[in-house]
Amino acid sequence: NDVERLRLTRKLNMNIFLAQLIESTNDTWGVDLFEVDALSNHRPLTHVALHLFKQRNILKQFQIRELTFFKFISAIEAKYRNNPYHNNIHATDVLQASHHMLNFSVFKNVFTELEVFAALFAAAVHDVDHPGVTNQYLINTNSDLAILYNDESVLENHHVTLAFQTLSTEGCDVLSTLNRKQHQMFRKMVISVVLATDMSKHIQHIGHLKTMVEIRRLSSSASSIIDPENAEDKLQILQSLVHCSDLSNPLKPLNLYLQWTDRIMEEFFRQGDLEKSLNLEVSPLCDRENSNICKSQMGFIDYVVHPLWEIWSRLTQPDCQPIMDILESNRVWIASQVLTEDDKHDGDDDGDDDKDDDDGDDDVIR
Ligand SMILES: COc1ccc(C2=NN(C3CCN(C(=O)CN4C(=O)CCC4=O)CC3)C(=O)[C@@H]3CC=CC[C@H]23)cc1OC
Ligand SMILES: [Mg+2]
Ligand SMILES: [Zn+2]
């Protein structure tokens with residue numbers, strides 16, 4: 001009857017739209033993964049990972065059965081929690097951004113298939129089972145995870161351990177066709193890339209990239225920027241590539257960037273609520289009663305995101321320029337909102353105006 005026909009037509013159109021969105025992950029920066037989440041019955045990671053790994057021919061190269069990969073990535077996706085920010089959509093976002101940047105011309109003929117497989121695998125699992133609180137919170141509350149990992153990259157150790165444990169779930173061993181040497185190299189790369197997403201390693205990334213760019217500038221043959229024979233340099237680049245992807249929200253189209261901002265702030269505010277209830281000091285950015293979201297984003301862009309992406313774009317020129325342009329325009333828009341946000345606050349000014357006064361060091365990262 002008409003109702004049934006209408007329902008089926010709608011379902012067919014949604015699947016066609018989903019297929020088009022997934023196809024666009026091949027070569028588009030800023031795919032609306034919230035749309036992919038809505039159309040894929042909340043399985044964006046499984047849909048996009050399966051598509052990208054097949055598109056890159058990784059499954060064939062390593063004789064990985066599609067069903068095995070499907071079971072593994074589904075098991076990983078199910079282990080992502082429904083946090084406002086650190087969830088399976090964020091994992092898909094970092095996976096797709098990493099895939100996109102591996103296609104930069106400066107990386108042509110640089111990475112082996114195993115290195116590409118390891119980097120994308122790391123991106124997909126890099127936040128699995130994230131509890132929605134920071135390392136510092138886990139340390140301050142003497143959590144089991146902090147005790148288990150001795151306060152060192154607590155979350156990141158947990159993500160990579162859980163990923164490898166998932167391989168031993170029935171029918172999920174996507175590494176079973178790798179030989180001993182490949183397995184050893186793959187595991188070393190995934191561990192180092194996931195551990196490198198710990199923000200405490202952020203400054204080191206910038207240092208390594210500056211050194212690499214400096215060497216490129218000084219070296220006579222400017223073209224051969226990355227020596228495919230230098231495994232250490234290549235591993236550092238893969239670490240920075242996934243770390244940049246993890247910090248890529250402000251470089252996405254504004255409507256996507258603003259959704260990620262709402263999500264991370266809600267996750268931080270929930271941590272602040274927990275800290276207040278436990279009489280702990282409220283962490284930076286986590287006080288929902290006293291936050292200026294636009295000023296926080298300007299600080300995040302100026303002190304964290306731009307310093308990293310500025311050097312990353314120098315290493316990866318010219319393909320990074322369109323993405324840097326988005327950062328620039330988003331920064332201008334945020335700055336314009338600060339003025340409006342101040343006006344709003346001035347409206348309900350309770351006379352204690354130094355609360356809004358940005359003396360510049362209330363929430364700047366040291
Ligand atoms: C879209 O917006 C954000 C997305 C991710 C993060 C992350 N943040 N962090 C650290 C928090 C503390 N840090 C700060 O810089 C705090 N801060 C400001 O942001 C302005 C001044 C200041 O002191 C370092 C990054 C994480 O560790 C998250 C997990 C991994 C990557 C980025 C995430 C923050 C965002 O917006 C503030
Ligand atoms: Mg993380
Ligand atoms: Zn992440």
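Biologist: The expected span of a helix is 1.5 Å times one less than its number of residues. What should the 13 residues of helix α10 span by that rule?

Modeller: Helix α10 (residues 154-166) should span 18 Å, and its end C-alpha atoms are 18 Å apart, so the two agree. Helices here are DSSP runs of H or I with at least four residues, strands are runs of E with at least two, and both are numbered from the N terminus.

Biologist: Anything I should know about the model before we go on?

Modeller: It is a predicted model, where local features need pLDDT of at least 70 and side-chain atom pairs count only at pLDDT 80 or more, while totals for chains, interfaces and linings use all residues. Residues are numbered from 1 along each chain as written, chains are lettered from A and ligands numbered from 1 in the order written, and side-chain values use heavy atoms, leaving out hydrogens and water.

Biologist: Back to α10, then. How many of its residues are buried?

Modeller: Eleven of the 13, so α10 is mostly covered. Buried means under 20% relative accessible area, exposed means over 50%, and partly exposed is in between, using a 1.4 Å probe and protein chains only. Among the buried ones are V154, H158, L162 and T166.

Biologist: What covers them?

Modeller: The cover includes α5 (66-79), α7, α8, α9 (144-148) and α11 (180-195). That rests on contacts, meaning heavy atoms within 4.5 Å.

Biologist: How do α10 and α11 pack?

Modeller: Their axes are 8 Å apart and make an angle of about 150°. Axes are lines fitted to C-alpha atoms, for helices over the stretch in contact, and the angle runs from 0 to 180 degrees between N-to-C directions. E156, N157, H159, V160 and F164 in α10 meet R187, V190, I191, V194 and L195 in α11.

Biologist: Is the crossing left-handed or right-handed?

Modeller: Right-handed. The near helix is then turned clockwise from the far one by less than a right angle, whereas anticlockwise would be left-handed.

Biologist: While we're on α11, what does S192 touch?

Modeller: Leaving aside neighbours within four places in sequence, S192 is in contact with L235 and Q239. S192 and L235 are 43 residues apart in sequence, yet 8.2 Å apart in space, C-alpha to C-alpha. S192 has a relative accessible area of 18%, so it counts as buried.

Biologist: L235 is in α13, right? How enclosed is that helix?

Modeller: L235 is one of the buried residues of α13. Twelve of the 16 residues in α13 are buried, so the helix is largely enclosed by the rest of the structure. Its cover includes α6, α7, α11, α12 (202-218) and α15. From first C-alpha to last, α13 reaches 23 Å, close to the 22 Å expected.

Biologist: New topic: the zinc ion. Which residues coordinate it?

Modeller: The zinc ion (ligand 3) is coordinated by H90 (NE2), H126 (NE2), D127 (OD) and D246 (OD), at 2.0 to 2.2 Å. Donors are N, O and S atoms within 2.8 Å of the metal (3.2 Å for Na, K and Ca), and with water not among the atoms, sites may look incomplete.

Biologist: Why is the site called irregular?

Modeller: Four donors count as tetrahedral only if all angles lie between 85 and 135 degrees; square planar (four) and octahedral (six) need opposite donors over 155 degrees apart and all others between 65 and 115, and anything else is irregular. The angles among the four donor atoms here are 82 to 174°, and the site is irregular.

Biologist: Which residue does zinc share with the magnesium ion?

Modeller: D127 coordinates both the zinc ion (ligand 3) and the magnesium ion (ligand 2), which are 3.8 Å apart. Distant parts of the chain are linked too: H126, in the loop between α7 (113-125) and α8 (135-140), and D246, in helix α13 (residues 231-246), are 120 residues apart. H126 counts as buried at 0% relative accessibility, and D246 does at 15%.

Biologist: Last one: what is unusual about the backbone?

Modeller: Most residues other than glycine have a negative phi, and most peptide bonds are trans. N109 has a positive phi of about 60° although it is not a glycine, and it is exposed, with a relative accessible area of 68%. Phi of N279 is also positive, near 55°, and N279 is exposed at 74%. A cis peptide bond joins Q317 and P318, with P318 in the loop between α15 (293-316) and α16 (321-347).
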